[in-house]
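Please open the model in a viewer and keep the sequence beside it. The tour below proceeds selection by selection.

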Amino acid sequence: MIQLFDLSKKFGPNVALNDIRLRIRQGEFVFVTGPSGAGKTTLLRLIFGAEKPASGYILINAVNLNRISRPKLDLLRRKIGFVFQDFKLLPRKTVFENVAIALEVIGLRPKFVRKKTHQTLRLVGLAEKENSYPLSLSGGEQQRVAIARAIVKDPLILLADEPTGNLDPQLTMEIMELFKSIHRKGTTVVVATHSQELLEATDCRTIVLNRGKISEDTS
Amino acid sequence: MRSYFIRQTFMNIRKNLSVHILSLGTIVASLLILGAFLLLFGNLNNWLQRWGTALSMSIYLKDGISEYRRDKVYSFIRGLPEAEIKRFISKEEALKDLRAALGDDAGFLNRLGRNPLPASYEVVFESKGTHGVEPEKIKGELEKLDGVEEVQYSNEWLNKIEGFLNVVRLIGFIIGGLLCLCVVFIVTNTIKLTIYSRKDEIEILKLVGATDWFVKTPFLIEGMIEGISGGVLAVLMLFSGYLILPTKGVSLFGLTPLDFVFLPAGYLVLILILGAVLGVIGSFIAIGRFFAV
């Protein structure tokens, strides 16, 4: 379960999030939307522990992120998959290596890492490209590598920041199907998007952010 | 995970090969100087020990000593532990030796009315050396004998060399310490450059849940490999240098020629361990500073 209490975040004089109170239950599928600069990315990064709040606190499965030690945060991140808006792929590693790294850091056996990575790359339709380097792929393909890296470890929580931003409508639907299949396994999925088509096609909970505040929550 | 670390370490080295080659060259030079110093110091120490084990003593006899008294002195010397009489030098032989030593300047000796030089025994104390033989005590006992004029022994100057060796040792420690610092500094900077070139990758590793040690370990291995490689190359170069030396025998102060030997295995292992330890310390400093963020 993700709980945010009176959460605020500032970048210098700019207020990115202001007094956010939010509760996302385990296994929920949530969209976070709003115009550019509304605070969608900041919200996801705070949940991931990549940013520290200015005030308020965040509980992830009853663990307070404000008080978590660095090693425990590392362990917590192994249970959270994050699809970054800018993909954050390693240009000097192959597609396979980029995905496998998420399992290698956990210290899993090489044989299992190979098997699971192949499986996940097949799932996102990139089995043929596993030896390619990210810079030789299209934007959509890079997006899918980033998604594969986030889901390969079967996370408890999946955070995705504009995961379909570079995809055509058909691929967008395929990726959303992928997220739904992960969600059906019990994973909590939080997707930040400003795609109206995506939001219109879903009946999932939608949280609308505007100037750092929640203006609407369909829960 | 081990295979990941090894793969990652060699990838880091490959990607920053030119930086690694440059720093390796400097590490080799530092360890080579250190090794050369150990080689020189080890040999000096050996020589001093060998000279120390061959304490020589000159026992000068009084003029006109009777044969009986001389035999008594002879028997006393024979009875001393580890003593070996190398030579008896009569008054005539002593004068002849002096004449030979003076060469063209020996003319004044002809004007002397009588031979002023005493007869003497040249005695060498083998094996036990300065630690087993107490030259001052023996000298005292010999000088008490009837017919003995004076006793001189050779290791007074050895004490002076030992003092010199202590100075060399001190200089060695200072130079060695500075060279070790130099190696640590080079490794620290090389690893910092490697870390910097992988900054984005480190950030991503942390974001997917890598622990600090997971990220740090390849850099520590990298520093260790660099230190060991530097040590191995320095030892090989030192040995090559030793092999091409024109002579392995050294003769100093007219004493028995001494062997110039290569470093014993223990010292070689020490250089390798030192390289590895300095490499790890260097990497440790680099990652400590970098990951403090």
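Begin by selecting chain A as a whole: of its 219 residues, 42% count as buried. A residue is buried if 20 or more other C-beta atoms lie within 10 Å of its own, exposed if 12 or fewer, and partly exposed in between, with the C-beta atoms placed from the backbone. This is a predicted model, in which local features need pLDDT of at least 70 and side-chain atom pairs count only at pLDDT 80 or more, while totals for chains, interfaces and linings use all residues. Residues are numbered from 1 along each chain as its sequence is written, and chains are lettered from A and ligands numbered from 1 in the order in which they are written.

Colour chain A by secondary structure next, and seven helices and ten strands appear. Helices (H or I, at least four residues) and strands (E, at least two) are DSSP runs, numbered from the N terminus. Among the contacts in chain A with a separation of 6 or more, 69% are between residues 24 or more positions apart. Two residues are in contact if their C-beta atoms, placed from the backbone, lie within 7 Å.

**The four-stranded sheet**

Select β2, β1, β4 and β5 of chain A, which in that order form an open, antiparallel sheet. Strands pair if DSSP finds at least two bridges between them. At the edges are β2 (14-24) and β5 (63-64) of chain A, each of which pairs on one side only. Helix α1 (residues 40-48) of chain A packs on this sheet, where it touches β1, β2 and β4 of chain A, and its direction makes about 120° with that of β1(A). Such axes are lines fitted to C-alpha atoms, for helices over the stretch in contact, and the angles run from 0 to 180 degrees between N-to-C directions.

Now restrict the view to β1 (residues 2-11) and β4 (residues 55-60) of chain A, an antiparallel pair joined over five bridges. Phe5(A) is found opposite Tyr57(A) of β4(A).

**The six-stranded sheet**

Move to the open sheet whose order is β6-β7-β8-β3-β9-β10 in chain A; its pairing is mixed. Its edge strands, β6 and β10 of chain A, each pair on one side only. On average, neighbouring strands of this sheet are turned by 20° against each other, direction ignored.

Which residues cover the two faces of β7(A)? Ile157(A), Leu159(A) and Asp161(A) lie on one side, Leu158(A) and Ala160(A) on the other, and all are buried. In a regular strand the side chains alternate between the two faces of the sheet. Because five of the five residues of β7(A) are buried, the strand is largely enclosed by the rest of the structure.

Ala160(A) is a useful residue to centre on. In β7(A), Ala160(A) is the bridge partner of Val83(A), and β6(A) and β7(A) pair in the parallel sense over four bridges. Ala160(A) also stands opposite Val191(A) in β8(A). From β7(A) the chain passes through α6(A) to β8(A), a right-handed β-α-β crossover; right-handed signifies that, with the strands pointing away from the viewer, the path from the first strand over the helix to the second runs clockwise.

Further along the sheet, β3(A) and β9(A) pair in the parallel sense over four bridges. Here Val30(A) has Arg205(A) of β9(A) as its bridge partner. On the sheet, α5(A) touches β6 and β7 of chain A, and its direction makes about 175° with that of β6(A).

**Helix α5**

Select residues 139-151 of chain A: the end C-alpha atoms of this helix, α5, are 19 Å apart, which agrees with the 18 Å that its 13 residues should span at 1.5 Å a residue. The expected span is 1.5 Å times one less than the number of residues. Eleven of the 13 residues of α5(A) are buried, including Val145(A), Ile147(A) and Ile151(A).

**Loops**

Select Lys88(A), in the loop between β6 and α3 of chain A. Lys88(A) has a positive phi of about 50° although it is not a glycine. Most residues other than glycine have a negative phi. Arg211(A), in the loop between β9 (205-210) and β10 (213-217) of chain A, likewise has a positive phi of about 50°.

**The contact with chain B**

Finally, show both chains: 16 residues of chain A are in contact with twelve residues of chain B. On the chain A side, α2 (70-77) and α3 (95-104) each supply at least two residues.
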